[in-house]
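Work through the exercises below with the sequence and the 3D view side by side. Try each task before reading its solution.

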Amino acid sequence: MLRIDIPERNEWKALAHELGFNFHTIDGEPYWKEDAYYQFTLEQVERDIEAPTEEVHEMCMELVDKVCHSNALMQRLALPEHMWDSIHNSWKSGQPHLYGRMDFAYSGDGPAKLLELNYDTPTSLYEAGFFQWVWLEQAIAQGILPRHADQYNSIQERLINAMAHLGDRIDARTLYFSCIKDNAEERATVHYLQDVAVQAGLKAPFIYMEDIGLHPGAEYFVDLNNQPIHALFKLYPWEEMADDDFGEVIPQLNTHWFEPPWKAVLSNKGILPLLWEHFEGHPNLLPAFFETASSPPLPAGWVRKPFFSREGNNIELITPAGQREAVDGPYTDSPWIRQAYHPMPRFGNNHALIGSWVVGDRACGMGIREDVGRITKDSSCFVPHAIV
Amino acid sequence: MSKHDHTPHLPRRKRSGRLTLAMMGASAFGLTACGQPPQEEQITEIEFDEPRSFQSVEDCVAENVYTRSACEDAYKASLESVPRYSTLEECEAENGEGSCTAPTEEQSQAATGSTGGSWFMPAMMGYMVGSMMSNTNRGRSFERVYQEPVYRNRQNQGNWNTASNQATQRVSQRNDAMRSSVAQNRQAASQRRGFGSRSSARGGWGS
């Protein structure tokens, strides 16, 4: 694994605009960066990322099954009680899921270490699945990369297959797509998923989460025309939905959700200590524990994370050398876990994080984020990769 | 030619061969920029004031409550709502002997837009006008004039006071019906904003 400086493609910003990638620069700071790329060998990708991703995914599925059959584990994960039946039923009835992303610390040698799972509302999907692929094709065509260069990326192809599979199982092949208002990046991610759904032959209308309606006597949530929503993809986390005003009604209505309710088990950092409990010593796992009232202050070499947190918010770490780093945030109302600190590889000033994608149950691609800090945030840059 | 060009990479290729976008991009960009669809506006409440009866448009104008055009519009609307019959017998069977008449040319013009056509109606003795205040779920209120014809029939025997009392009753029945239909609508209206309420504080949910 190397970070290699290369020239940018000609006119890539115009192309980005043409292709609907309107958040390549966020608040004046670059988000997509292509003045360098991360270089991997095929062996690194297949042995160190792809195979472990599928293995950890299987471990996660095993754990979901355990949690779904145990009220005690549901309680330990702070899953709200009114959601237990929905979680259990959605798992037992085999409701399919669409996608997830595992974040690994990996430096090119030694096993990749799982830092966390983003299995409910992962983003950076368009960048990884589409724009990164276009970059590789053009970089080869423009002589920036050698002709034999390749990329670990069949994300979009897999998404289309997975959507087609969902389409066969939902009413009128219609899947609504939703996110909250006033967030351009999330809207674009959902727009991309709508695009993928349309390519898979689905109807893919959009509705904002805030506009979803509850109609007296209706068996489904309703759209703005009070028409029933039979199935809906939401880029909006289960723990929030459960807490929202409509949360208590979710189990009473027949609307199908993607990701399904059982994903709430995995979108929770409490899954990390559970993974360690069940698969202690696995080479791709880091030691992790639930924080309790009697836990001592955070020692050196440990990271503290809330159960529910996104984009690096409310994470605190102390390196083995005693250096403290922390990101503030609003996620202070859930329990905490502690995870052994594992350094991310550093290239110049940048720490690199591997986002490894799972679509359906297959590992199928990756995207790299880098940040000058040790905690990856929403402002961390996306840098493409190639197998050379 | 370098050795690489002969190496068959395809079997172990880790990336897809072809990708397309169906709707994102330059043409679809406008779609996202369009923003949210407008919230449906529904009437949630209606209030009626006491209607006044007038024997003519001039009478209405003279009372100085409504403008001349409001008086004229209300008259026309009242006339349009008077039941019409194709024969005098049918009209009298319904409204009582001696209650019916053919419209004047002016009434015919106002009711149907043409002076032609032969039809009969209960003789119109005047009309009632009132105000109706509607409130909507978007917090808007608007005021509208409503009207009702006062006509001669079997029960009122052509007595103006009785006729206008009867018309007042009709108005209040109709208003009750409207109120209860609004109340029903309000009950049947969908609740929104049940999801995403804390979002403005947190900005986003992707990870």
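The exercises that follow concern a predicted model.

**Exercise 1. The contact between the chains**

Task: Find how many residues of chain A are in contact with chain B, and which elements of chain A take part.

Solution. Start with the count: 59 residues of chain A are in contact with 42 residues of chain B. Two residues are taken to be in contact if their C-beta atoms, placed from the backbone, lie within 7 Å. Next, list the elements of chain A that give two or more residues to this side: α2 (42–68), α5 (125–141), α6 (155–167), α7 (184–199) and α8 (238–243). Then look for the largest share, which is the 10 residues from α7(A). Last, sort the chain A side by class: 26 residues are nonpolar, 17 are polar and 16 are charged.

**Exercise 2. An outline of chain B**

Task: Describe the secondary structure of chain B and state what percentage of its residues is buried.

Solution. Chain B has seven helices and six strands. Read from the N terminus, the elements follow the order α-β-β-α-α-α-β-α-β-β-β-α-α. Of the 207 residues in chain B, 23% are buried. Now turn to its contacts with a separation of 6 or more: 64% of them join residues 24 or more positions apart.

**Exercise 3. A parallel sheet in chain A**

Task: Give the strand order of the sheet that contains β7(A), and explain why one side of each edge strand has no neighbour.

Solution. The sheet is open and has three strands in the order β7-β8-β9 (chain A), with parallel pairing. Its edges are β7 (176–178) and β9 (256–258) of chain A; each has a single partner strand, so one side of each is left without a neighbour in the sheet. From one strand to the next, the twist averages 25°. To follow one pairing in detail, take β7(A) and β8 (residues 231–234) of chain A, which are joined by three bridges. Here Tyr176(A) has Leu232(A) in β8(A) as its bridge partner.

**Exercise 4. A mixed sheet in chain A**

Task: Identify the edge strands of the sheet with the order β1-β4-β19 (chain A), then find the residue opposite Tyr38(A).

Solution. This open sheet of three strands has mixed pairing. The edge strands are β1 (2–5) and β19 (385–387) of chain A, and each of these pairs on one side only. The twist from one strand to the next averages 35°. Strand β4 (residues 36–40) of chain A pairs with β19(A) in the parallel sense, over three bridges. Opposite Tyr38(A), in β19(A), stands His385(A).

**Exercise 5. Cores and a helix**

Task: Find the residues with the most contacts inside the largest nonpolar core, and locate what the buried residues of α9(A) pack against.

Solution. The largest nonpolar core has 113 residues, and those with the most contacts inside it are Phe104(A), Met163(A), Leu175(A), Val265(A) and Val359(A). Helix α5(A) gives the largest share of this core, nine residues. Now take Met163(A) and set aside its neighbours within four places in sequence: its contacts are Val196(A), Ala197(A), Ala200(A) and Leu202(A). A second, separate core has 16 residues, among them Leu79(B), Met124(B), Tyr151(B) and Ala163(B).

For the helix, first pick out the buried residues of α9 (residues 271–278) of chain A: Ile271(A), Leu272(A), Leu274(A), Leu275(A) and Trp276(A). These buried residues pack against α2, β6 (113–118), β10 (288–290) and β14 (336–340) of chain A.

Notes: Residues numbered from 1 in each chain as written. Chains lettered and ligands numbered in written order. Predicted model: local features only at pLDDT ≥ 70, side-chain atom pairs only at ≥ 80, totals over all residues. Helix = DSSP H or I, 4+ residues; strand = E, 2+ residues; numbered from the N terminus. Nonpolar A, V, L, I, M, F, W, Y, C, P; charged D, E, K, R; others polar. Buried ≥ 20, exposed ≤ 12 C-beta atoms within 10 Å, placed from the backbone. Pairing = 2+ DSSP bridges. Axes fitted to C-alpha atoms, helices over the stretch in contact; angles between N-to-C directions. Core = buried A, V, L, I, M, F, W, Y, C linked by C-beta atoms within 7 Å.
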